[in-house]
Amino acid sequence: MTPGAAAERVFGSYQPMGSALESWPVGCKYVALLAVALPAFVVRQWPVTLAGLVLTVILLLSARLGWRRGLGVAPGFLILLAVVWGVNAWSNSWLAGAVIVGNLTLALWASRLVVMTTPAPVLIDALVGLTRPLARWGFRPERFGLAVLIMVRSIPYLAGAFATIREAVRARGLRGRLGAQATQVVIRAVGYAQATGDAMTARGLGD
Amino acid sequence: MITFQDVGVTVATPTGPRQLLRHLTVELSQQRVVVLGANGSGKSTLLRLINGLVTPTSGQVEVNQLSPFGRQAAAVRRQVGFVFTDPLSQLLMPTAVEDIELSLRHLVSDRAERHQQALALMDQWGLGRLAQSSVYDLSGGERQLVALLSVLAVRPRVIVADEPTTLLDLRNSRLLHERLAGLDQQIIVATHDLTWAETFDRALVIDDGQLVFDGQPAAAIDHYRHLAAGEPNRTVTEATHQSLDPDSASPDAVADGPDRWPT
């Protein structure tokens, strides 16, 4: 899997499906996201988490995203969840671990309610609009919108880079020394940041 | 018109300073110019100077009388579109049409209008069916065409392309060649595709940071082949003189050596 494809798998991307959720104003979608996800993080009790998950799944399926696109998660994320659960089950209780794992899944799925039902330019415009009042203090809303978008684009890329390097290490029959792999990921991250910066500069974005 | 006046680029490395480009003096007024040279010869550095991605350590660069550095940088970048080797590093948005829309942000403030214009541009290029596709689902060739279109959307006067077909198969390379050939803009390209290089108006050969040949593509390719084979370049001056073609030479071009584009 290329790093780019990994980006797709984590957050998902917008495809027009003609659902009702798509036509909601983006502000309402953000409110819906907070409404389903925030209580679970504040209360941290399993019934609240479960209710949030059920609601989110219903909303995602109503957006005609389908089970695979709407609810599928990357294998790396599953491993992360398993580790988090394991650590918490050992140090606390399996139920506490389940609540944390449930909340992480809830956050991921709830973010898709916005990301997968809204074209990226609309998301940027919403952020730019929201921060426009700050412009009088020297804040640059256009840059902010773009920066958030680049951030969202970058996190899964880096996750993908880690996977690629692990494959390269295996392909050469080497055993994974995590330190060496991490160094490679950092080097890639810097290269990626430079390439993205160059592309933005070359396109006159942020001028 | 793009001019380089005694341009040098030096970078610091752990083993000491390294010269990427030295004493480059050249004027590019032809519509289609190709830059040839080995990997690491300084081709990319030359191209990146044109839109200010690299800053010269010494000398002057001008694009249509503007400097790509400092106060006029933004104005130059609006005039110069840059196409990278890997289109994925250039495409910043999740889907193709959104990326074209990103380019149009400066020109069209209304979002719906921007979307319509982006779709219309893609249709014009026969890429309409890819509009909603994720940029990761496109083939290499489709990605490079979308990247080129996203650059053209801002209506630049100059297109600079750094090995734009290196990652493409034969069919997609040809498609990109055709697209670029159909443009009115001035085009400066670095490539290893020597058959394509023959179709340009003028060719520069860069070796070890220096301009070693400047003239007709056929002669330049010959020169480059000799360089690559490690043979002494006896043919340099012959080839250059054969390539003298007063009609295609710019009258005000600089000639400060036997291998330079003639005056």
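# Exercises on a predicted two-chain model

From its N terminus on, chain A runs through the elements α-α-α-α-α-α-α-α-α-α, where helices (H or I, at least four residues) and strands (E, at least two) are DSSP runs numbered from the N terminus. This is a predicted model, in which local features need pLDDT of at least 70 and side-chain atom pairs count only at pLDDT 80 or more, while totals for chains, interfaces and linings use all residues. Residues are numbered from 1 along each chain as its sequence is written, and chains are lettered from A and ligands numbered from 1 in the order in which they are written.

## Exercise 1: Chain totals

Describe the secondary structure, burial and contacts of chain A, and then those of chain B.

Step 1. Chain A comes to 10 helices and 0 strands, whereas chain B has 10 helices and 9 strands.

Step 2. A residue is called buried if 20 or more other C-beta atoms lie within 10 Å of its own, exposed if 12 or fewer, and partly exposed in between, with C-beta atoms placed from the backbone. By this criterion 25% of the 207 residues of chain A count as buried, and for the 263 residues of chain B the share is 48%.

Step 3. Two residues are in contact if their C-beta atoms, placed from the backbone, lie within 7 Å. Among contacts with a separation of 6 or more, residues 24 or more positions apart account for 70% in chain A and for 63% in chain B.

Step 4. The C-alpha trace of chain A spans about 50 × 50 × 35 Å along its principal axes.

## Exercise 2: Confidence in chain A

In which helix of chain A is confidence lowest, and in which is it highest?

Step 1. The scale is pLDDT, the predictor's confidence in each residue, from 0 to 100. Its mean over chain A is 84, and 91% of the residues reach 70 or more.

Step 2. Confidence is lowest in helix α1 (residues 3-11) of chain A, at a mean of 55, and highest in helix α4 (residues 46-62) of chain A, at 94.

## Exercise 3: A helix pair in chain A

Work out how helix α3 (residues 26-43) of chain A and α4(A) pack.

Step 1. The two helices pack at an angle of about 165°, with their axes 8 Å apart; axes are lines fitted to C-alpha atoms, for helices over the stretch in contact, and angles run from 0 to 180 degrees between N-to-C directions.

Step 2. α3(A) and α4(A) are therefore roughly antiparallel to each other, the class for angles over 145 degrees.

Step 3. The contact is made by V36(A), A37(A), P39(A), A40(A) and V43(A) on α3(A), and by V48(A), T49(A), G52(A), L55(A) and T56(A) on α4(A).

## Exercise 4: The sheet of 3 strands in chain B

Establish the strand order, the pairing and the edges of the open sheet of 3 strands in chain B.

Step 1. The order is β2-β1-β4 (chain B), with antiparallel pairing, where two strands pair if DSSP finds at least two bridges between them.

Step 2. β2 and β4 (58-63) of chain B stand at the edges with a single partner strand each, so one side of each is left without a neighbour in the sheet. From one strand to the next the twist averages 30°.

Step 3. Strand β1 (residues 2-13) of chain B is joined by 9 bridges to strand β2 (residues 16-28) of chain B, and these two form a hairpin with 2 residues between them. The bridge partner of T13(B) in β2(B) is G16(B).

Step 4. β1(B) and β4(B) pair in the antiparallel sense over 5 bridges, with T3(B) opposite E62(B) in β4(B).

## Exercise 5: The sheet of 6 strands in chain B

Find the order of the 6 strands in the open sheet, and identify a helix that lies across strands of both sheets in chain B.

Step 1. The strands follow the order β5-β6-β7-β3-β8-β9 (chain B), and the pairing is mixed. The edge strands are β5 (80-83) and β9 (210-215) of chain B, each pairing on one side only.

Step 2. Strand β6 (residues 158-162) of chain B and strand β7 (residues 186-190) of chain B pair in the parallel sense over 5 bridges, and V160(B) stands opposite I188(B) in β7(B).

Step 3. Helix α1 (residues 43-50) of chain B lies across β3 (32-37), β5, β6, β7 and β8 (202-207) of chain B, running at about 155° to β7(B). α1(B) also lies across β1, β2 and β4 of chain B, at about 60° to β2(B).

Key
Parallel < 35°, antiparallel > 145°, perpendicular 65-115°, else oblique.
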